[in-house]
There are 2 protein chains.
Amino acid sequence: MNNYRLLIQYDGSRYKGWQRLGNGENTIQGKIESVLSEMLGKEVEIIGSSRTDAGVHAFAQVANFKTEKDFAPAEVKAYLNRYLPEDISVVEVTSVPDRFHARYNAKAKTYLYKIWNEEHPHPFMRKYSMHLTEKLDVAKMKEAGQYFVGTHDFTAFSNAKSKKKSSVREIYSVEVFEEDDFIQIRVRGEGFLYNMVRKLAGTLIEAGLGAIAPSSIPGILESKERVQTGRMAEAGGLHLENIEF
Amino acid sequence: MNNYRLLIQYDGSRYKGWQRLGNGENTIQGKIESVLSEMLGKEVEIIGSSRTDAGVHAFAQVANFKTEKDFAPAEVKAYLNRYLPEDISVVEVTSVPDRFHARYNAKAKTYLYKIWNEEHPHPFMRKYSMHLTEKLDVAKMKEAGQYFVGTHDFTAFSNAKSKKKSSVREIYSVEVFEEDDFIQIRVRGEGFLYNMVRKLAGTLIEAGLGAIAPSSIPGILESKERVQTGRMAEAGGLHLENIEF
């Protein structure tokens, strides 16, 4: 059995997220599986490290798949890049030990959220950032971000469907900084609940606008009452930036 | 009479270029004029510094228009950004002396061409760069570029329709360099003929691929025989970068 590890970039704008859905819906996993299945002559499942939401982008998604067929990693890469649409790119393919599992072995994930905070829109980044004209107070956002660091029950910051699974997660760091004229939020953690990073970013934005006090965040966490979806930052600004194993 | 100067950015992907055409064709000039005409309550013509081709982008197009109405520049900017589509952005509006003319007063124009020279595609830059998998020899491209510098008859590097107008232009500089993982070509000149920058970039690419020798360029210029359209680099890689007055 061969196990291949893929490093993948994608523009998520026109996809319903990473995870394959029924009914032939347009997903990134579905696209890659369909090309790989053509190559291998049989159906294959790929495992992604992170199930990115509809419209979310990836600089570095990691996935793996197993097959009895022998292909050089370079052949797999070339085949995928030849037949995948141009908004999905396979940057690297490597052979890995049989035990490697892209989801179970992921130790930390980093997401980056980009905000364009000018009056005029950014024509080239309009799909890759959130455009906010009202000025953000970055110091307030930094302050708010620190309340998320550590191990918390993130029920209030999720839209997870299952109530059986634990909503406790550890966040290792939240950085808010200005770079390349964008206000950026980088969140690194062991893993995230459904919509969690977007709700977290949306809450930092509210703090930056003065709509909520940073110090109110511990209370929101403790309440376990879901924050309104209106407080969820739009998908286009979010990028899966890195997976650590 | 008030004269307003606009600094404009646009993603040219879905437009038939800058210049307004008949039949309600989708052009950047047409879009801006239609929003301005709404604001002013009467038809208005804007003059652009550079008539970018279909699919070509602008980091810094300059335009001007005149009106008897009195608006603060900030009002003009806010109105345009409110009603223009998100792929056209008005970065700056200023009041200028009556004699300012965006086309006649332009002393130099700079275009930037971006090439992504990797096996895998670049999902986020696919509309803003040309993807070439065959490796380019940048030294050869630099060498080729120098043959264009100076005053030449560029008939061979144009698709200009009129044969009455002069095809002599001065190019001040051609730089070929690697930055942000892209191979980039920056051309600065007094002005350019129709399709000239794309043909020039396409020829540098051919030199980089070893398909032509850099030293063959003076002969091509002298021949005044139009180079094949196949040698024209695709529109998406080209950006109007700067106008000097």
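Is Tyr111(A) buried or exposed? In this predicted model, Tyr111(A) has a relative accessibility of 7% and therefore counts as buried, the limit for that class being under 20%. The residue belongs to strand β5 of chain A, which covers residues 108-116. UniProt, in an unreviewed entry, assigns the feature "binding site" to Tyr111(A).

The surroundings of Tyr111(A) can be described residue by residue. Apart from neighbours within four places in sequence, Tyr111(A) is in contact with Ser50(A), Thr52(A), Ile185(A), Arg186(A), Val187(A), Phe192(A), Val197(A), Leu238(A), His239(A), Leu240(A) and Glu241(A). With Ser50(A) there is a polar contact from side chain to side chain, at 2.7 Å.

A second annotated position is Asp53(A), where an unreviewed UniProt entry places the feature "active site". Asp53(A) is located in the loop that runs between β2 (47-48) and β3 (57-67) of chain A. Its relative accessibility is 12%, so Asp53(A) counts as buried. When neighbours within four places in sequence are left aside, Asp53(A) is in contact with Gly17(A), Tyr194(A), Asn195(A) and Arg198(A).

These positions can be set within the domain layout. Chain A is divided into domain 1, residues 2-96, and domain 2, residues 108-244. The centres of the two domains, taken over C-alpha atoms, are separated by 27 Å. To the contact between them, domain 1 of chain A gives 15 residues and domain 2 of chain A gives 17 residues.

The nonpolar interior comes next. In soluble globular proteins, nonpolar side chains tend to be buried together. Here the largest nonpolar core has 71 residues, and the members that touch the most others are Ile32(A) and Ile185(A). Helix α4 of chain A (residues 196-208) supplies the largest share of this core, seven residues. Domain 1 and domain 2 of chain A each contribute at least three residues to this core. Ile185(A) itself, not counting residues up to four places away in sequence, touches Tyr111(A), Leu112(A), Tyr113(A), Ile115(A), Met141(A), Val174(A), Glu175(A), Val176(A), Ala201(A) and Leu204(A). The annotated Tyr111(A) is thus among the residues that Ile185(A) touches. A second core, separate from this one, has 69 residues, among them Val56(B), Ala144(B), Ile217(B) and Leu240(B).

How are the two chains related? Two copies of a chain are related by a rotation about an axis and a shift along it. In this model, chain B is superposed on chain A by a rotation of 180° with 0.0 Å of shift along the axis, at an RMSD of 0.0 Å. Such a relation is that of a two-fold axis. Within chain B, Phe124(B) has the C-alpha nearest the axis, at 4.7 Å from it. Of the interface residues of chain B, 100% are also interface residues in chain A, so the copies meet through the same surface.

A final point concerns the backbone. Most residues other than glycine have a negative phi. Asp181(A), however, has a positive phi near 70°. The residue is placed in the loop between β8 (168-179) and β9 (182-189) of chain A, and at 65% relative accessibility Asp181(A) counts as exposed. In chain B, Asp181(B) likewise has a positive phi, of about 70°, although it is not a glycine. Asp181(B) lies in the loop between β8 (168-179) and β9 (182-189) of chain B and is exposed, with a relative accessible area of 64%.

Terms used
Residues are numbered from 1 along each chain as its sequence is written. Chains are lettered from A and ligands numbered from 1 in the order in which they are written. This is a predicted model: local features need pLDDT of at least 70, side-chain atom pairs count only at pLDDT 80 or more; totals for chains, interfaces and linings use all residues. Side-chain values use heavy atoms; hydrogens and water are left out. A nonpolar core is a set of buried Ala, Val, Leu, Ile, Met, Phe, Trp, Tyr and Cys residues joined through side-chain atoms within 4.5 Å. Buried means under 20% relative accessible area, exposed over 50%, partly exposed in between (1.4 Å probe, protein chains only). Helices (H or I, at least four residues) and strands (E, at least two) are DSSP runs, numbered from the N terminus. Domain bounds come from an automatic or database domain assignment. Contact means heavy atoms within 4.5 Å. Copies are superposed by least squares on the C-alpha atoms of residues with pLDDT of at least 70 in both. UniProt positions are given in the numbering used here, feature names are shortened, and annotations may be inferred rather than shown by experiment. A polar contact is a pair of N or O atoms within 3.5 Å; within protein, one must be able to donate a hydrogen and the other to accept it, and residues adjacent in sequence count only if both atoms are side-chain atoms.
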